[in-house]
Amino acid sequence: MWLCQYCGNGNPADARFCARCGKPRVTMTQGQVPMPPSSSNAHAMPGAHPQVPLPPSAMPAAWDATLQDPVPPAMMSPTQISTVPVPSASMSPVMPPLPTPPSTPASNATAAAPQRKRAKVVIAAILTVLLVLSAGGLTAYVTYRNELWGGVTVPELPSPKGTAKASGVVERLRQKGIATQTVQEFSGKPSGTYLGLRNAQSGQRIGKGVTVHVRESKGPGVPAGTNGSNVSTVRKRLDDMGVPVHYGKVTVSKDSTVKAGTVISTSPADGEPVKDTNAGIHVGVAQPDDGSAIPVDILGKDVDTVRKALESHGHTVTVVKRFSSRRYVGKVSGSEPALGASLDDGQKVTLYQGVDVTGRSDVLAESGFVPEMNAYEQDPIGLAGKYCTADDEHCLTLQQVAGDHEYTYLRIEDTDDKATAETRWWSMCYAGEFGCPVEHDSTDDFSKDFQYNQPSGVIEMHDIDSETPMCGTTRMFRPGVGSICDHGKYLTDWDTMAGDDDSTGAQWTAGYFFMFFPVGADIDSLEQSGYFSAQALAQTRSGKAVDTDRPFILKRDNDALPSRTASADGDTFRNAFLPGGSEFAMTPAPSDETAYYLVEDGIDWSAVPDETSR
C-alpha cells in the first residue's frame with residue numbers, strides 16, 4: 001500500500017491514483033517526506049483532511065518498497081534540517097488508513113456550526129423576501145387607492161329621485177375620466193332630468209374601458225314595446241308618467257291572434273312622446289269581437305271579409321272609395337264610425353276602400369256628381385280626414401259637415417289658423433261655374449287651369465270668397481253684374497254702373513289655398529311646369545324628400561308671396577292668386593318638412609268604452 005500525500009488515504013500498491021481524492025501517486029526521493037497539500041488542494045475534495053508528516057518513531061512497521069531509506073539527522077544538509085526524516089526502503093510499509101476518531105460533543109458542535117450559519121442565511125433571506133413583499137403590497141395598495149391601476153371608482157352622484165340634470169352627472173363622470181353614454185327614457189320627470197345609471201352605481205370600481213350609461217328623462221311618452229304587452233305590465237310603466245292615462249276596450253277580429261287583455265294600440269303611438277299633456281295617453285286593450293264595436297285591426301284586410309263579418313252581427317255595410325296610403329290600396333283603409341267605436345244593434349257602417357291616383361274620378365264622383373252638367377261637386381268631400389306634419393306638430397282636419405237641405409260641405413280646421421274653420425265653402429275649381437266640369441270645352445275659360453282633372457292627379461282647394469275682389473273693406477258680389485268698385489267705393493246702383501270691367505280701386509287678395517296629392521300623383525311634371533316658385537323648389541331640393549307612399553296636403557304660405565294683394569281693375573273675374581292668374585306661384589313645394597300626411601290609425605278614442613280591469 002502507499003499513502004496519498006494529499007489526503008492521507010491508504011491505497012493498494014499497484015494503484016496509480018488515490019481512491020479518495022483522485023490525485024496521482026508521487027514517488028519521493030530519499031530524504032523527502034510528503035508535503036501537506038496547499039490550501040487550494042485541501043479544499044479541492046469535500047471532506048479531505050490535510051496530510052500531516054509523521055516522525056520516524058511513528059512510522060508503521062511496513063513501508064512501501066519504493067520509498068528510500070531515511071537520511072540520518074547528522075548527515076542532513078542545512079536545507080533538510082527542518083524536515084522530518086523519511087523512512088528507508090527496508091522499513092517503509094504502506095500506512096493503513098487512519099481510523100475515524102469517535103464523535104465528541106466538540107466535534108458535533110463543529111459540524112453544527114455550518115448548519116446554524118445556513119439557517120441564519122435562510123431566515124435572513126425569508127425576512128428579506130417578506131420585507132420586499134410587504135413594501136410591494138403597500139405600494140400596490142397605495143397606487144390602487146390612487147387609481148393608478150385597477151380601474152376607477154364611480155364618484156358619489158345625486159339621487160335619481162331628485163331634480164338633478166343628467167348633463168351635470170355626465171360632466172362629473174367625465175372629470176373622473178369615465179366614458180359615458182346618455183340613454184333617454186320616457187318618465188314623469190321633466191326632459192333632461194337625471195334618472196340614474198344603468199350599468200354602474202356610486203362607489204363601484206369599474207374598468208377604465210367601461211362606458212357608463214346615464215339615464216336621462218325625455219318627458220312623458222309611450223315606451224317602445226308597449227303594444228303587445230299585457231295591460232297589467234303597461235299600467236306599471238305608465239302610472240308614473242305624470243299625465244292622464246286612459247284605458248279603453250277595443251275590439252279585435254275573431255281571426256285575431258291577439259289575446260284578450262293585450263295592449264293593441266296607443267295614442268301617442270308606441271315609442272312616441274306625449275304632445276298634449278292635458279289629453280295624456282290613450283291605451284287600447286284587446287277584447288273579443290261580439291259585434292258591439294268596429295274592430296280596430298281591420299285596416300289592410302280584405303274588404304269583403306270585413307263586410308261579411310259586420311253583416312253577420314246585423315249591421316248594414318256600405319263600401320266607399322277613399323284615397324289611402326300605398327299599403328291599403330284595394331284594402332280596408334278606414335271606417336265610419338271610426339275604428340274602435342261602439343255600435344248599436346243594426347247600426348249602419350261605411351267601410352273605406354283605399355285607392356291611389358288611378359281612383360281619383362271615383363272619389364270625386366262619390367263626393368258629388370251633377371249628371372246633367374257632367375260636373376263634379378265643387379268641394380271634394382272624399383278628402384275628409386286628419387293630416388299632420390311628419391313631426392305631428394301641425395295638423396289639418398278636413399271634416400264632412402251636414403248643411404241645410406241635407407247638403408254636406410267640407411270644413412277645414414287648422415291648428416295654426418283657427419279662422420279656416422269659419423270658412424264654409426271650399427272649391428276645387430271656379431265655383432262661379434256651378435260645378436267642376438269633368439271635361440273642358442271652348443266655353444270654359446277658368447277651371448281649365450285647375451288640376452282636379454289634369455294628368456298630374458293633384459286636387460286643389462281654395463275658399464270661394466277669394467273668387468271675388470275686395471272694394472275697400474267690402475267683398476264685391478258678382479262684380480260687373482250687380483256691383484262695381486268706383487275708386488274704392490262699392491256701388492250697387494245699376495244706373496251708375498259704367499260696365500263689366502270698369503271698376504277702379506278693386507283688389508284681389510291671396511286667400512286660403514291647399515293642394516292634395518294622392519299616391520301616384522305626377523309631382524315631377526308639375527315641378528317642371530313652373531307651377532312652384534323657384535325659391536320653393538330650391539328649398540325642397542336641399543331637404544328630405546316627401547314620402548310619396550302616403551297621401552299628403554300642401555298649404556300655401558301666403559306670407560312667402562311677394563305681395564298678398566293685386567289690382568283687380570280691368571279683370572274682376574279671375575283672381576290673380578289662383579291657378580292661371582298673373583300672380584300665381586305656389587309656395588312651398590313638396591318635401592317631408594312641408595307635407596301634411598294623412599293619418600290612418602283611425603281610432604276614435606272618445607267613442608271607445610273604458611277598460612277598468614286591474
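This is a walk through one protein model, taking in its cysteines, some of its strands and a patch on its surface.

Before setting off, note that this is a predicted model, in which local features need pLDDT of at least 70, side-chain atom pairs count only at pLDDT 80 or more, and totals for chains, interfaces and linings use all residues. Residues are numbered from 1 along each chain as its sequence is written, and side-chain values use heavy atoms, with hydrogens and water left out.

Let us start with the cysteines. How many disulfides does a search of the whole structure find? There are three, where a disulfide is a pair of cysteine sulfur atoms within 2.5 Å. If you number the bonded cysteines of the chain in sequence order, they pair as 1-2, 3-4, 5-6.

One of these links is between C388 and C395, with sulfur atoms 2.0 Å apart. The torsion about its S-S bond is about 105°, so this disulfide is right-handed. C388 has 6% relative accessibility and counts as buried, and C395 counts as buried at 11%. Here buried means under 20% relative accessible area, exposed means over 50%, and partly exposed lies in between (1.4 Å probe, protein chains only).

Another disulfide joins C429 to C436, with an S to S distance of 2.0 Å. Is this one left-handed or right-handed? Its torsion is about -85°, so the disulfide of C429 and C436 is left-handed. C429 is buried, with a relative accessible area of 0%, and C436 is buried with 0% relative accessibility.

There is also the disulfide that joins C471 to C485, with sulfurs 2.1 Å apart. With 75° about the S-S bond, this link is right-handed. C471 lies in strand 22 (residues 470-471) and C485 in strand 24 (residues 484-486), so the pair ties together parts that are 14 residues apart in sequence. Both C471 and C485 are buried. The numbering of strands and helices follows from the N terminus: they are DSSP runs, with helices being H or I of at least four residues and strands being E of at least two.

Now look at the start of the chain. Why is C4 not bonded to C21? The sulfur of C21 is the closest cysteine sulfur to that of C4, but at 3.6 Å it is too far for a bond. C4 counts as buried, with 1% relative accessibility. C7 is in no disulfide either; its nearest cysteine sulfur, that of C18, is 3.4 Å away. C7 is buried too, with a relative accessible area of 6%.

From here we can turn to the sheets. Strands of a sheet pair through backbone hydrogen bonds, either parallel or antiparallel. In this model, two strands count as paired if DSSP finds at least two bridges between them.

Strand 22, home of C471, brings us to an open sheet of four strands with the order 23-22-26-29 and antiparallel pairing. Strand 23 (474-475) and strand 29 (565-567) stand at the edges, each with a single partner strand, so one side of each is left without a neighbour in the sheet. Strand 29 pairs with strand 26 (residues 506-509) in the antiparallel sense over three bridges. To find a spot in this pairing, look for W508, whose bridge partner in strand 29 is A566.

A second open sheet has three strands in the order 14-15-20, again with antiparallel pairing. Its edge strands are strand 14 (369-370) and strand 20 (436-437), each of which pairs on one side only. Two bridges join strand 14 to strand 15 (residues 375-376), and these strands run antiparallel. F369 has Y376, in strand 15, as its bridge partner.

Strand 12 (residues 332-336) has four of its five residues buried, so to speak mostly covered. Strand 12 pairs with strand 13 (residues 348-355) in the antiparallel sense over four bridges. In this pairing, E336 stands opposite T350 of strand 13.

Finally, let us visit the surface. V122, I123, I126, L127 and L130 make a nonpolar surface patch of about 460 Å². Such patches are made of residues with over 30% relative accessible area and no salt bridge, with like charges joined within 9 Å and nonpolar side chains (Val, Leu, Ile, Met, Phe, Trp, Tyr) within 5 Å. A salt bridge is a side-chain nitrogen of Lys or Arg within 4 Å of a carboxyl oxygen of Asp or Glu, and accessible areas come from the Shrake-Rupley method with a 1.4 Å probe, where for residues only the protein chains shown count as cover. Within the patch, I126 is found in helix 2 (residues 105-145). I126 is partly exposed, with a relative accessible area of 45%.
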